[in-house]
Amino acid sequence: MRRTARDSEETSRVLNRRTLMLGGAMSAMVAVLGVRMRYLQVDQADEFRLLAEENRINIRLIPPERGLIQDRNGQLIAANEQNYRVVITREAAGDAELVLRRLAGIIPITPEELERTIEEVKALRAFVPVTVAERLSWEDFSKVALNAPALPGIVPEVGLSRRYPLDHDFAHVVGYVGPVSDKDLEALETPDPLLRIPKFQIGKIGVEKWMEDTLRGRAGTKRIEVNSAGRVMRELERQEGDPGTDIRLTIDAEVQNFAQARLGDESAAAVVMDVTNGDVICIASSPSFDPNLFVRGISHTDYNALMENDHRPLANKTVSGAYPPGSTFKMVTALAALEAGVATPDTRVRCPGYIEFGGRRFHCWKRGGHGSVNLARSLSESCDVYYYDIAQRVGIDKIAEMGRKLGLGQRFDIPMSAITEGIMPDKQWKQDRHKAEWRIGDTINASIGQGYVLTSPLQLAVMTARLATGRAVSPRLVRTVNDRELPVVEAAPLGITAEFLSAIQRGMYEVVNSDQGTAKSSRVVEPTMVMAGKTGTSQVRNISAAEREAGVISNDQLPWNRRDHALFVGYAPYDAPRYAIAVVVEHGGGGSTAAAPIARDILLRALSDGLPPLDAYPASQRGRIESMLNELPLRDPATGVTTVRTRA
Amino acid sequence: MSFLEYRLKQAPAGLRKILFINWPLVVLVTAVASVGFLMLYSIAGGNLDTWARPQMERFAAGMVLMFIVAMVPIWFWRNMAGLAYLVAFILLLFVEFFGEVGMGAQRWIDLGFIRLQPSEMMKFTLVMMLAAYYDWLDHKKVSRPLYVLIPVLLTVAPTVLVLMQPNLGTSLLLLLAGAAVMFAAGVSLWYFGAVLALGVGVVVSVFTLRGTEWQFLHDYQYRRIDTFLDPTADPLGAGYNIIQAKIALGSGGWSGKGFMQGTQSRLNFLPEKHTDFIFTTLAEEFGFIGAFSLLGLYALIIGFCLVAAFQNRDRFSALLIVGVAANFFFYIAVNLSMVMGMAPVVGVPLPLLSYGGSAMLVLLVGFGLVQSAHVHRPR
């Protein structure tokens, strides 16, 4: 079968025509590809370039080291310690759940924690590291490192975490840090991006919270190049942040430790202030708790134990507790009367054991009465009738004014949580608050610090400091920031007549040092440390007429939470005041027996270098005091270990 | 149909044939392959041994093979067409039942020294077979149904086998290559119109039968189509390839990020960056200029082939050249459409650039056939 030439011609023509068509179609397709290329690479280049950068560049924050908190002498209260932790990255782990369960067999992780971590790992993006366990012992940490081949995606890391070496002593002052909660974030208008770092810790209460901005520091950033799996390939740029600023408190850790130990198991508070500059030397609330528990994440059992304790360890009684000041308020009433001119230091009032106003009988604590009482005796023997009498003459508004002048009914700006304003009532206040007329009985009650009057131990300490100096001393808690002393503004004079003030001071001297004084058993015999003060016993219940007839039930026979609060305010040395103190022992019974001895010990501790000198105590008490002091569970300042010291 | 048709005396013989080889084509092919070596070197992060060196060795072997094929007279190849097709077809059947499974598909036979992919072989043996068929067929009968049915069966049978492997990309290319040869041979355009209409019908039924027992495609193939239609729907999953490829391309801009500076490929954002997606790295590092130049080189290769086809008065040779060129073109078109987000991801390598042994060898053998046809053309 041979083809003719014509056939062959024809075949070629068809073939060439079809080839040409194919070539044309191919050219068209090439043109389309070229146009598409141009569209992607030229027209949309900027957009894609941005996307490529976003792909590649990741900005990570470098958490700054948190500022340290020290006492006035530089002892560490809040420190940062190395924290061995284990982190998992899902992307590297493969089956994260399996790896985590395997890990749980190596180091102690509670099932509850394990489930939480698994949830978290699943919820976050594959390359986001999630902390599985923190604060591992070196042993566990090594175990994880050793088993690394069986634990893909698990990385042992060393980070910094907060530790409070003085644990219980400063729980209420310094507070603690904890992970940022949603509530924390909501409270801030423009939250620091640092707060978004998982498990980043911020101050939750106390100084840690209120000085958060100072302590936190500024985050550094690093621009890193990541690959498609999110793994860091290299660091492109690093900007170091600023570590948090160190601060020193005005508190003396050793005095604080002594006070905390001295308060012991009582539900009590003690505040010591330097009257010359307002420095808070010690501000102890008892019982306390270990803030380190909260940093780690407190267990339910521990938390419930704290919550159910009727002595309320979590409450900071020094600033949050509002107590009727009882007789410690009498200086306010007296000064108001003196300044108003309704009484002089020599004015005498007859005390038959009660006084009658408007058909009601108001009793003095001493059933038989004190007889004829002047200012000094009214203070030293704490005669109530004297104050009922002068108070109804001067009126509540003047008393309230004096109270406020002396620091009551107001909130002092120190970096602590839940600071109460207390209540310094007057006519207007009752109108606003209770929509009722102020009655004479209210004045009578208020005159001896009962009724509506409520004060915090801090306020009482301020009041005492002001009484001791005649100046508007205000408390301050922070001494230096970043090693720079904060300026101390000299307190302005209160404008109280010096004669009246010294009459009050004399009265307070006699409370402790006269033979009739209510706190005479708490006197200091060392001449350079002589203490002046005032006891207070505030009722937390009403004593009915019937009970009064039958004889008032003594505190010993009442259930703990119905007993009177014991208070004592004082300062020392009497002739050159240095420290003022306020002690409140909740339901402690009488101020002279429960609060004054504590106040004396703490004041003496503050005035001396070490333990209170035994010479300062009356000879008859020295043996008892010595054994009491020896049994105090004090921290050894050198080792930081709390031991019960026993002297041979 | 006989050797006598060639004017033997004027035809080159012996080593002189080398002079008659279509040298521009050789240079162009080498140039494109060199671009490939460069890219493989860059993708490996400046490591020659990872991909570039093996690729170069294969290219060298392929070039030797190409010259050998080119030296053998074209009529020998024409006579071999039927046998070659048969062998390739049997091998295809063989892998269907005994082949190694790779990437979820049965694709190769391990011969020890090389992994033979019969589907790759089939691409050119099919073209040879069809060219030989039309060389044999009286051109007046070309459009008769019976004579149309034969090449259709010749094309569809291996296509179905490849589709069953399953290898959607290669089966598509086989279909297109067969169609291209039939088109060039002058089969009536009505047939093509009818097939096109049928194709539309198939596409519709592919989608309507989805999820039923009779669904045509594997789930992963459906997903690829889905993500092609909307890659952003699953940016970290199936749509990831397309999005990242487009980012790589686009971020290259006009002149690119520079050799070895492509962040998308170096940081592993690009999938299969050394095989199917190699073009994205080129586009990222050399920009529009580089990518367009490559497209130009490809166009030139095809152009030279088509010119060679025009010059060749031997029907088998011309059809063979057109078939090889069309095959080459479809490879490029499908791959580039795919990486530029114009077509679903079907796993078609970029010829001469993508890393891979048998594809490269087969391609160069194909060019060897073109050269043989060119050298031994009737003068």
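In the predicted model, the residues D384(A), V385(A), Y386(A), Y387(A), Y388(A), D389(A), I390(A), A391(A) and V394(A) of helix α17(A) are buried. This helix, which spans residues 384-394 of chain A, is thus mostly covered, with nine of its eleven residues buried. An α-helix has 3.6 residues a turn, so residues three or four places apart point the same way. After α17(A) comes G395(A), a residue whose phi is positive, near 90°.

At the level of whole domains, chain A is divided into domain 1, covering 83-160, and domain 2, which is assembled from the segments 276-281, 315-476 and 487-594. The centres of domain 1 and domain 2 of chain A, taken over C-alpha atoms, are separated by 59 Å.

Chain A also contains an open sheet of five strands, arranged in the order β12-β11-β21-β20-β19 and paired in antiparallel fashion. Its edges are formed by β12 (280-286) and β19 (532-538) of chain A, each of which pairs on one side only, and the twist from one strand to the next averages 5°. Strands of a sheet pair through backbone hydrogen bonds, either parallel or antiparallel. Within this sheet, strand β11 (residues 268-274) and strand β21 (residues 579-585) of chain A run antiparallel and are joined by seven bridges; V272(A) has I581(A) in β21(A) as its bridge partner.

The loop between β20 (565-572) and β21 of chain A holds P573(A). With a relative accessibility of 9%, P573(A) falls under the 20% limit and therefore counts as buried. P573(A) lies 248 residues from P325(A) in sequence, while the two residues are 23 Å apart in space, C-alpha to C-alpha.

In chain B, attention turns to the surface. A nonpolar surface patch of about 730 Å² is made there by L146(B), L149(B), I150(B), V152(B), L153(B), V156(B), V160(B), M164(B) and L175(B). Helix α6 of chain B, which comprises residues 145-163, supplies the largest share of this nonpolar patch, namely seven residues. Another contributor to the patch, M164(B), is found in the loop between α6 and α7 (168-185) of chain B. The relative accessible area of M164(B) is 47%, a value between the limits of 20% and 50%, and M164(B) is therefore classed as partly exposed.

Note on methods
Residues numbered from 1 in each chain as written. Chains lettered and ligands numbered in written order. Predicted model: local features only at pLDDT ≥ 70, side-chain atom pairs only at ≥ 80, totals over all residues. Heavy atoms only, no water. Patch = residues over 30% accessible without salt bridge, like charges linked within 9 Å, V, L, I, M, F, W, Y side chains within 5 Å. Areas by Shrake-Rupley, 256 points an atom, 1.4 Å probe, with all protein chains shown as cover. Salt bridge = Lys/Arg side-chain N within 4 Å of Asp/Glu carboxyl O. Helix = DSSP H or I, 4+ residues; strand = E, 2+ residues; numbered from the N terminus. Buried < 20%, exposed > 50% of the residue type's maximum accessible area, 1.4 Å probe, protein only. Domains from an automatic or database assignment. Pairing = 2+ DSSP bridges. Axes fitted to C-alpha atoms, helices over the stretch in contact; angles between N-to-C directions.
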